[in-house]
Amino acid sequence: MPSEKKQFIIQKLYDRFEGQEDIDYKVQQTENFMAAVSDLIQVCGDNPEREGLQETPYRVLKSFLEYTEGYKEDPRIHLQKVFDVQHKGLIMVKNIEFHSMCEHHFAPFFGEAHVAYIPGEKITGLSKIARTVEGYAKRFQVQERLTNQIVGAIDEMLNPEGVMVVIEAKHMCMCGRGVRKSDAMTTTTATSGVFADHSDKRMEFLSLLGK
Ligand SMILES: [Zn+2]
């Protein structure tokens, strides 16, 4: 690997694992990983030395570091800054685009998250909700856990009356392989507090969503 590329990867690892003792070991692991990608190319029947594939192990590594950027911090930190407010109605942020990685197949899944909460005494900035979604999406994930983690984080950090999250996503592991259903959308929901207890609150969410 050319030295500037190696330097780029090492810098990424230091950004992510700052202060941890085993960074040198992680650098060694990236070498092993790239060798494994090269082997994978051969297992699939192609030549890793072919021009178009020569730098593919590096590109795959770089992509994976991007897909999993959420691991560098606890997404709840985005919800630390809160404001006191007298607002007892529903607050919704819809159509939050996200890209995540299916942990079963290492294939992308992507779509939109719709998040609503009814505050207790605190609200957060609207963009912080989107950052929280991003922080949990950029990991090895399943859509069900992603949905619940967003509810859990808002519940814990804002102590609201209730939270509801709906995620609609397309999974590449269902499109290009396996059952090959390219139009299939997966919808997951998670609720807490008043959204879990009262169906009229869930209906209010869905009507605001236009469903
Ligand atoms: Zn999958």
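Me: Is F33 buried, exposed or partly exposed?
Reply: F33 is partly exposed, with a relative accessible area of 30%. Keep in mind that this is a predicted model.

Me: Which ring pairs with F33, and what kind of pair is that?
Reply: The partner is F64. The ring centres sit 6.2 Å apart and the planes are at 65°, so the pair counts as edge-to-face. The cut-off for that label is over 60 degrees.

Me: Where do F33 and F64 lie in the chain?
Reply: F33 is in helix α2, residues 23–44. F64 is in helix α3, residues 56–67. They are 31 residues apart in sequence, so the pair ties those two parts together.

Me: And F64, buried or exposed?
Reply: F64 is buried, at 19% relative accessible area. The limit for buried is under 20%.

Me: What about Y71 and F140?
Reply: Those two form a tilted aromatic pair. The distance is 6.1 Å centre to centre, with 55° between the planes. Y71 comes from the loop between α3 and β1, and F140 from strand β5 (residues 140–141). That links parts of the chain 69 residues apart.

Me: How accessible are Y71 and F140?
Reply: Y71 is partly exposed, with a relative accessible area of 39%. F140 is also partly exposed, at 25%.

Me: How many aromatic pairs in total?
Reply: The count is seven.

Me: Which residues make up the ring cluster?
Reply: F33, F64, Y67, Y71, F106 and F140 are linked by ring pairs into a cluster.

Me: Which charged residue lies over the face of F17?
Reply: K26 does, at 4.3 Å from the ring centre.

Me: Switching to the metal. What coordinates the zinc ion?
Reply: Two cysteines and a histidine: C102 through SG, H105 through ND1 and C173 through SG. The distance is 2.2 Å. Water is not among the atoms, so the site may look incomplete.

Me: What spacing do the donors follow along the chain?
Reply: C-x2-H-x67-C.

Me: Where do H105 and C173 sit?
Reply: H105 is in the loop between β2 (91–102) and β3 (107–118). C173 is in helix α6, residues 172–175. The two are 68 residues apart in sequence, so the pair ties those parts together.

Me: Are H105 and C173 buried or exposed?
Reply: H105 is partly exposed, with a relative accessible area of 39%. C173 is buried, at 8%.

Me: How many disulfides are there?
Reply: Zero, from a search of the whole structure.

Me: Which cysteine sulfur is closest to that of C44?
Reply: The one in C173. It is 17 Å away, too far for a bond. The cut-off for a disulfide is 2.5 Å.

Me: C44 itself, buried or exposed?
Reply: C44 counts as exposed, at 65% relative accessibility.

Me: Now the whole chain. How many helices and strands?
Reply: Eight helices and seven strands.

Me: What does the C-alpha trace span?
Reply: About 60 × 45 × 20 Å along its principal axes.

Me: How much of the chain is buried?
Reply: Of its 211 residues, 41% count as buried.

Me: And what is the accessible surface?
Reply: About 12,100 Å² for the chain. Carbon and sulfur atoms hold 49% of that.

Me: What share of contacts is long-range in sequence, 24 or more positions apart?
Reply: Such residues account for 68% of the contacts with a separation of 6 or more.

Notes:
Residues numbered from 1 in each chain as written. Predicted model: local features only at pLDDT ≥ 70, side-chain atom pairs only at ≥ 80, totals over all residues. Heavy atoms only, no water. Donors = N, O, S within 2.8 Å, 3.2 Å for Na, K, Ca; no water. Helix = DSSP H or I, 4+ residues; strand = E, 2+ residues; numbered from the N terminus. Buried < 20%, exposed > 50% of the residue type's maximum accessible area, 1.4 Å probe, protein only. Phe/Tyr/Trp six-rings, centres within 6.5 Å; stacked < 30°, edge-to-face > 60°. Lys NZ or Arg CZ within 6 Å of the ring centre and 35° of its normal. Contact = heavy atoms within 4.5 Å. Areas by Shrake-Rupley, 256 points an atom, 1.4 Å probe, with all protein chains shown as cover.
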